[in-house]
Amino acid sequence: MHHLVLKVGPYSVTFYISDRLHEDFFHLAKTHGPLFSLCLGQKPAIVISSPEVAREYLTSSKFSSRAITEVARYLAFDASTVVFGPYGARWRLLRKIMNTEVFSARAIELLQPGRAQKIGGKEELRRYKEQPVRFLDFLLDNKSDKEEDVLKQLSKFDIKGLLAISLAFTLEVLAELDDVVGKNKFVEETDIPKLIYFQAVIKEVFRLHPGVPLNIPRSSDEPCDIYGYHVPKNTIVFVNIWGITRDPKIWTDPYVFKPERFIGNDMDVKGQNFEILPFGAGRRSYVGMP
Ligand code: HEM
């Protein structure tokens with residue numbers, strides 16, 4: 001669905017965007033590079049699509065406020081929440097409250113019993129392992145008749161192939177769980193650091209399917225220079241989190257689900273490695289990040 005017109009500087013090309021803005025920006029970056037500017041209606045914006053530029057921008061204190069749109073005002077109490085509030089005393093206070101009351105070691109410990117109940121997912125995985133054929137039947141029986149449903153376009157053969165692959169990853173995780181946690185035991189939080197393959201699977205999911213594909217947009221608090229370009233005050237800044245993890249210059253076989261790429265190295269998702277930023281980085285990164 002096309003519904004907006006942008007202008008890409010310095011050429012002033014007018015084009016339409018879809019409802020998958022991260023994909024549009026990803027394709028535009030192939031032509032216009034890792035830092036390009038555009039006008040979103042009347043508003044100047046820049047789009048960042050490489051780890052080097054992301055590092056320079058996300059670690060700069062000049063981009064500590066959010067870009068406030070009408071949607072943000074509508075959804076977030078006139079943009080007064082910790083997510084959208086401007087950088088300043090009130091934001092610092094709200095963030096401090098979250099850090100001490102929600103994400104502190106004490107608060108996390110208090111909520112441990114609730115999390116322990118949820119973590120019993122191992123049993124669900126085991127059911128899945130024992131009944132792959134029934135799961136396949138279930139998938140096939142529930143093929144939708146809707147024209148737009150992707151399952152309709154998949155043959156039985158495709159579905160079996162997809163299942164075999166996902167089953168292989170599941171079996172590998174289960175083998176590790178049996179090995180590290182022990183058979184017929186519940187996973188404890190203290191087991192997680194030892195579950196190397198499981199952690200790699202989670203990171204790979206974040207790489208290919210980040211929950212926030214375009215960083216919650218920030219805004220320049222003052223005019224500044226970044227990556228050799230001048231950025232005026234109040235420019236909207238997007239980081240294409242989704243696009244960076246699909247760049248073949250950065251990732252080998254970027255479209256392949258390969259948890260092994262995270263094994264044997266320190267690559268993490270906590271904002272230190274700018275090749276993978278599912279929680280952002282720097283001053284306005286996800287508040288619960290250690
Ligand atoms: C998998 C789940 C989540 C993902 C992928 C995620 C991702 C993100 C991202 C990308 C940002 C923007 C970072 C930046 O600008 O550099 C962010 C900010 C934020 N997240 Fe999350 N988040 C998740 C869960 C949560 C949860 C559970 C909470 C609260 C209970 C939360 C609270 C916040 C807050 C308060 C901010 C704004 C911080 C600020 O502007 O100072 N997030 N998150």
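This report walks through a few regions of a predicted model.

## Helix α1

Let's begin with helix α1, which covers residues 21-32. Its twelve residues, counted at 1.5 Å a residue, should span 16 Å, and the C-alpha atoms at its ends are indeed 16 Å apart, so the expected and computed spans agree.

Which residues of α1 are buried? They are F25, L28 and A29. These three cover an arc of only 110° around the axis, which means that they sit on the same side of α1. A general rule helps here: an α-helix has 3.6 residues a turn, so residues three or four places apart point the same way. On the face of α1 turned away from the buried side, you will find the exposed residues H27, K30 and T31. Just after the helix comes G33, with a positive phi of about 95°.

## Strands β3, β4 and β9

Next, follow the chain to strand β3 (residues 35-40) and strand β4 (residues 43-48), which pair in the antiparallel sense over six bridges. To see one of these pairings, look at S37, whose bridge partner in β4 is I46. The two strands form a hairpin, with two residues between them. In the turn, G41 has a positive phi of about 65°.

Strand β4 has another partner in strand β9 (residues 236-239). In which sense do β4 and β9 pair, parallel or antiparallel? They pair in the parallel sense, over four bridges. Here, V47 has F238 of β9 as its bridge partner.

## A buried glycine in a loop

Now turn to G85, in the loop between α3 (70-75) and α4 (89-102). Is G85 buried or exposed? G85 is buried, because 21 other C-beta atoms lie within 10 Å, and 20 or more are enough to count as buried.

Some of its surroundings are easy to pick out. Leaving aside residues up to four places away in sequence, G85 touches A79, S80, R90, W91 and L94. Another residue to look for is S65: G85 and S65 are 20 residues apart in sequence, while their C-alpha atoms are 7.2 Å apart in space.

## Around the ligand

Finally, have a look at the ligand, which has 17 residues around it. Which of them come nearest? They are G211, V212, G280, R284 and Y286.

What classes of residue make up this shell? The shell around the ligand has nine nonpolar, five polar and three charged residues.

Technical notes:
Residues numbered from 1 in each chain as written. Predicted model: local features only at pLDDT ≥ 70, side-chain atom pairs only at ≥ 80, totals over all residues. Pairing = 2+ DSSP bridges. Buried ≥ 20, exposed ≤ 12 C-beta atoms within 10 Å, placed from the backbone. Contact = placed C-beta atoms within 7 Å. Near = placed C-beta within 6 Å. Nonpolar A, V, L, I, M, F, W, Y, C, P; charged D, E, K, R; others polar. Expected span 1.5 Å × (residues − 1). Arc of directions from axis to C-beta.
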